[in-house]
Amino acid sequence: MTERTKKCRAKRRFFHIVSILLAYGPILGYLIAGFTVSDNSGKITLTICSVVGIVIALINLLAKYHIRSTIWIILLGIYMVMQDIQTLIIITAITTILDEFIFTPLYHKYRELTVINKEIDRR
């Protein structure tokens, strides 16, 4: 494996991790905060929304879809518990835009470059 292939693979992994963190990081932070400040009925609501979100995320992984509704379902559950989530909505919107227009295209670019460089390395 050449240095160029290693660099492309490292960049691909980096952009993929950043993409995942941008998509799910703010929601996980507020989800944890929601569990700490809510009563039992709030915890039940958050648990149900989290389970639905996890099921949709698993469907995304198994079927290789890229559905963002997972984030918004959990966001709805957090809203039902915390009521004041304007900052979370703004943060989620900004991170979703950054992910969709910057980090996901960079991930795809370096994924393709890694495949191309592997083919070149075989020759």
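**From a salt bridge to the helical core**

The side chains of Glu-119 and Arg-122 come together in a salt bridge, with 3.1 Å from N to O. The structure in which this contact appears is a predicted model, and a search of the whole of it finds one salt bridge. Both partners belong to helix α4, which comprises residues 86–122; because they are three residues apart there, about one helical turn separates them. Their surroundings can be stated for each partner. Glu-119 has a relative accessibility of 35% and so counts as partly exposed. Arg-122, at 65% relative accessibility, counts as exposed.

Helix α4 itself deserves attention next. Its 37 residues should span 54 Å at 1.5 Å a residue, and the C-alpha atoms at its ends are 52 Å apart, which agrees. The helix nevertheless contains a kink of about 45 degrees, centred on Asp-99. Asp-99 is also one of the buried residues of α4. Others in that list are Thr-92, Thr-95, Thr-96, Thr-104 and Thr-114, together with Leu-88, Phe-103, Tyr-107, Tyr-110 and Asn-117.

Helix α1 runs from residue 3 to residue 37 and has 35 residues. From its first C-alpha to its last it reaches 49 Å, close to the 51 Å expected at 1.5 Å a residue. This helix has a kink as well: about 40 degrees at Tyr-24, shortly before the proline Pro-26. Pro-26 is among the buried residues of α1, as are Thr-5, Cys-8, Arg-9, Phe-15, Val-18, Ser-19, Leu-22, Ala-23, Ile-27, Leu-31 and Gly-34.

Where do Leu-113 and Asn-117 of α4 make contact with residues distant in sequence? Leaving out residues up to four places away, Leu-113 touches Arg-4 and Cys-8. The C-alpha atoms of Leu-113 and Cys-8 are separated by 6.5 Å, although the two residues are 105 apart along the chain. Leu-113 is found in helix α4 and, at 22% relative accessibility, counts as partly exposed. Asn-117, likewise found in helix α4, is buried, with a relative accessible area of 8%. With the same exclusion of residues up to four places away, Asn-117 touches Arg-4, Thr-5 and Cys-8. Arg-4 and Cys-8 thus appear in the contacts of Leu-113 and in those of Asn-117.

The aromatic residues give a further link. A search of the whole structure finds three aromatic pairs. In one of them, the ring centres of Phe-14 and Phe-15 are 5.3 Å apart and the planes stand at 65 degrees, so the pair is edge-to-face. Phe-14 has a relative accessibility of 49% and counts as partly exposed, whereas Phe-15, at 12%, counts as buried. Phe-15 also pairs with Phe-103; this pair is tilted, with 6.1 Å centre to centre and 40 degrees between the planes. It joins distant parts of the chain, since Phe-15 lies in helix α1 and Phe-103 in helix α4, 88 residues apart. Phe-103 is buried, with a relative accessible area of 18%. Through ring pairs, Phe-14, Phe-15, Phe-103 and Tyr-110 are linked into a cluster.

The nonpolar interior remains to be described. In soluble globular proteins, nonpolar side chains tend to be buried together. Which residues form the largest nonpolar core here? This core has nine residues, namely Ile-27, Leu-31, Leu-46, Ile-74, Leu-75, Ile-78, Val-81, Ile-85 and Leu-88. Two elements, α1 and α3 (69–82), give two or more residues to this core. Helix α3 gives the most, with four residues. Ile-78 illustrates the contacts: leaving aside neighbours within four places in sequence, Ile-78 is in contact with Ile-27, Tyr-30, Leu-31, Leu-46, Gln-83, Ile-85 and Leu-88. Apart from this core lies another, of seven residues, which include Cys-8, Leu-22, Tyr-107 and Tyr-110. Cys-8, a member of that other core, is also touched by Leu-113 and Asn-117, and Tyr-110 belongs to the cluster of linked rings.

Methods:
Residues are numbered from 1 along each chain as its sequence is written. This is a predicted model: local features need pLDDT of at least 70, side-chain atom pairs count only at pLDDT 80 or more; totals for chains, interfaces and linings use all residues. Side-chain values use heavy atoms; hydrogens and water are left out. The expected span of a helix is 1.5 Å times one less than its number of residues. The bend at a residue is the angle between axes fitted to the seven residues ending there and the seven starting there. Buried means under 20% relative accessible area, exposed over 50%, partly exposed in between (1.4 Å probe, protein chains only). A nonpolar core is a set of buried Ala, Val, Leu, Ile, Met, Phe, Trp, Tyr and Cys residues joined through side-chain atoms within 4.5 Å. Contact means heavy atoms within 4.5 Å. A salt bridge is a side-chain nitrogen of Lys or Arg within 4 Å of a carboxyl oxygen of Asp or Glu. Rings of Phe, Tyr and Trp (its six-membered ring) pair if their centres lie within 6.5 Å; planes under 30 degrees apart count as stacked, over 60 as edge-to-face and the rest as tilted.
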